[in-house]
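Student: I have a structure to look at, and I would like to understand how the terms used for it are justified. Could we go through them together, setting each value against its definition?

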Amino acid sequence: MIDAERRLLASALLDPSNQRFILLSDSCIPLFNFTTIYDFLITSNLSFLSLYDDPRKVGRGRYNPQMSPMINITNWRKGSQWFEMHREMALHVVSDQTYYSVFKQYCQPPCYNDEHYIPTLVNMFYVELNSNRSITWVDWSRGGPHPRKHGPADINHELLNQMRYGSECIYNGNTTSMCFLFARKFSPSTLKPLLSLLHFHS
């Protein structure tokens, strides 16, 4: 997974005009039009990666002591593989061999690189440039290892408004209710009802 993510970033970095880089899942939908999303990201002072220190077996329990001294348990973080990052951070991820090689050697199942490598790297080098939150809305209310997957019957104005403006966060030092630009998980069968409700205007 990390190899694939690095290749995607490397390809996007070939264009010097690309300044922000987003990894989305195929079950994601945009919550706003392109202009709104672009303006939100390009004017942000920070990147958007959710990372945290999870003391449980699925967090710190995956740390391999053989990673030390390059990566210590205090550096170890977990996070979503869906991210948004600025160019400097993307360049570091693509060019890194030092920490990448440590992960490749010592992070084997039940340790998963896509949940730990980028979060740990960002925690070590870019804490002050990260908002430590995701711009992808997900519903974890049902518990379990995977978020809720929405079907056609779930699609309504209330759900969309909740995803768009139902939260509170900090953006460039100010409080805002516009915290998420994308949402998941949505089945392919939701396309028609979504198109009837998502009216995007430039």
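Student: How many salt bridges does a search of the whole structure find?

Tutor: The search finds six salt bridges, and please keep in mind that this is a predicted model.

Student: What makes the contact of R20 and E84 a salt bridge?

Tutor: The side chains of R20 and E84 meet with N and O 2.6 Å apart, and the definition asks for a side-chain nitrogen of Lys or Arg within 4 Å of a carboxyl oxygen of Asp or Glu, so the pair qualifies. R20 lies in strand β1 (residues 20–22) and E84 in strand β5 (residues 84–86), so this salt bridge ties together parts that are 64 residues apart in sequence. Both R20 and E84 are buried.

Student: Why is D139 called buried, and is R148 buried or partly exposed?

Tutor: D139 has a relative accessible area of 13%, and buried means under 20%, so the word fits D139. R148 is at 24% relative accessibility, which lies between the cut-offs of 20% and 50%, and therefore R148 counts as partly exposed.

Student: How do you know that D139, R148 and D154 belong to one network?

Tutor: The side chains of D139 and R148 meet in a salt bridge of 3.8 Å, N to O, which is within the 4 Å limit. R148 also forms a salt bridge with D154, where the closest N and O atoms are 2.9 Å apart. D154, at 21% relative accessibility, counts as partly exposed. Salt bridges that share partners join D139, R148 and D154 into one network.

Student: Why is helix α1 called oblique to helix α5?

Tutor: Helix α1 (residues 2–13) and helix α5 (residues 113–125) pack at an angle of about 50°, with their axes 9 Å apart. That angle is neither under 35 degrees, nor from 65 to 115, nor over 145, so α1 is oblique to α5. In this contact, I2, E5 and R6 in α1 meet N113, D114, Y117 and I118 in α5, and by class there are three nonpolar, one polar and three charged residues.

Student: What makes α3 and α5 oblique to each other?

Tutor: The axes of helix α3 (residues 87–95) and α5 cross at roughly 120° and come within 11 Å. Since that angle falls outside the range of 65 to 115 degrees and is not over 145, α3 and α5 are therefore oblique to each other. Here M89, H92 and V93 in α3 meet Y117, I118, L121, V122 and F125 in α5, and the residues of this contact divide into seven nonpolar, one polar and no charged.

Key. Residues are numbered from 1 along each chain as its sequence is written. This is a predicted model: local features need pLDDT of at least 70, side-chain atom pairs count only at pLDDT 80 or more; totals for chains, interfaces and linings use all residues. Side-chain values use heavy atoms; hydrogens and water are left out. Axes are lines fitted to C-alpha atoms, for helices over the stretch in contact, and angles run from 0 to 180 degrees between N-to-C directions. Helices (H or I, at least four residues) and strands (E, at least two) are DSSP runs, numbered from the N terminus. Contact means heavy atoms within 4.5 Å. Ala, Val, Leu, Ile, Met, Phe, Trp, Tyr, Cys and Pro count as nonpolar, Asp, Glu, Lys and Arg as charged, and the others, Gly among them, as polar. Buried means under 20% relative accessible area, exposed over 50%, partly exposed in between (1.4 Å probe, protein chains only).
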